[in-house]
Amino acid sequence: MNLETTTEKTKGVMNSTEDLPCISLIIPFEPKMKRKNDLDSAITVAVAQAEKDLMKNYPEEKALPVIKKLRRLIKNFNYAGRNKSIAIFVSPQIEKIYYFNYDFSMNAKNN
């Protein structure tokens, strides 16, 4: 399974000069085609890598609030849809999951 994980330093939404942690995950996600345990495992691997990257690149007081948001967000996945991929974005200001009917892993294999 192809997973893309990035953590980035970003400027704050309010034009802050402070670097803030940000997590972006794009994960192939087809609940109708794969077992829930396999999907959970893929998500766990991606989240663990993102958490490791944050803790390596940021002080604990900046990284932990974003990690807590990410963990809370992934508990509310919608397994009922016909989605093929998900994108997860988390920062101190934003937490969002997008569900796509597009298989990003297939696109990555063809490039």
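A contact here means two residues with heavy atoms within 4.5 Å of each other. With that in hand, take this predicted model as a whole: among contacts in the protein with a separation of 6 or more, residues 24 or more positions apart account for 52%. Keep that figure in mind, since some of the pairs below bring together distant parts of the chain.

Let's start with the layout. The protein has three helices and four strands, and reading from the N terminus the order is β-β-α-α-β-β-α. Of its 111 residues, 36% count as buried. On the outside, the protein exposes about 7,100 Å², and carbon and sulfur atoms supply 51% of that area.

Now go to helix H1, which takes in residues 36-57. Does its length fit its residue count, or what span should we expect from 22 residues at 1.5 Å a residue? The expected span is 32 Å, and the end C-alpha atoms of H1 are 32 Å apart, so the two agree.

Next, look at which way the residues of H1 face. The buried ones are Leu39, Ala42, Ile43, Ala46, Val47, Ala50, Glu51, Asp53 and Leu54. They cover an arc of only 165° around the axis, and therefore sit on the same side of H1. The spacing in that list makes sense once you recall how a helix turns: an α-helix has 3.6 residues a turn, so residues three or four places apart point the same way. Swing around to the other side of H1 and you find Asn37, Thr44, Val45, Lys52 and Lys56, which are exposed.

Two names on the buried side may catch your eye, Glu51 and Asp53. Let's follow Glu51. This residue lies in helix H1, and its relative accessible area is 15%; because buried means under 20%, Glu51 makes the cut. Which residues does Glu51 touch, leaving aside those up to four places away in sequence? They are Ile67 and Arg71. With Arg71 the side chain of Glu51 also meets in a salt bridge, at 2.8 Å from N to O. The pair links distant parts of the chain, with Glu51 in helix H1 and Arg71 in helix H2 (residues 60-74), 20 residues apart. Their C-alpha atoms are separated by 9.8 Å. The two ends of this bridge differ in cover: Glu51 is buried at 15% relative accessibility, while Arg71, at 44%, counts as partly exposed.

That bridge is one piece of a short list. How many salt bridges does a search of the whole structure find? It finds three, and the ones still to visit both involve Glu95.

Take Lys69 to begin with. Glu95 forms a salt bridge with Lys69, the closest N and O atoms being 4.0 Å apart. Again the pair links distant parts of the chain: Glu95 is in strand S4 and Lys69 in helix H2, 26 residues apart. Here the acid is the partly exposed partner, as Glu95 has a relative accessible area of 30%, whereas Lys69 counts as buried at 15% relative accessibility.

Then there's Arg72. The side chains of Glu95 and Arg72 meet in a salt bridge at 3.0 Å, N to O. This pair also links distant parts of the chain, from Glu95 in strand S4 to Arg72 in helix H2, 23 residues apart. Salt bridges that share partners join Lys69, Arg72 and Glu95 into one network. Arg72 counts as partly exposed, with a relative accessibility of 45%. Put the bridges side by side and helix H2 turns up each time, joined to helix H1 through Arg71 and Glu51, and to strand S4 through Lys69 and Arg72.

To finish, turn to the surface. Phe89, Tyr98, Phe100 and Tyr102 form a nonpolar patch there, with about 350 Å² of accessible area together. Where does Tyr102 sit? It is in the loop between strand S4 (95-100) and helix H3 (104-110). At 38% relative accessibility, Tyr102 counts as partly exposed.

Methods. Residues numbered from 1 in each chain as written. Predicted model: local features only at pLDDT ≥ 70, side-chain atom pairs only at ≥ 80, totals over all residues. Heavy atoms only, no water. Buried < 20%, exposed > 50% of the residue type's maximum accessible area, 1.4 Å probe, protein only. Areas by Shrake-Rupley, 256 points an atom, 1.4 Å probe, with all protein chains shown as cover. Expected span 1.5 Å × (residues − 1). Arc of directions from axis to C-beta. Patch = residues over 30% accessible without salt bridge, like charges linked within 9 Å, V, L, I, M, F, W, Y side chains within 5 Å.
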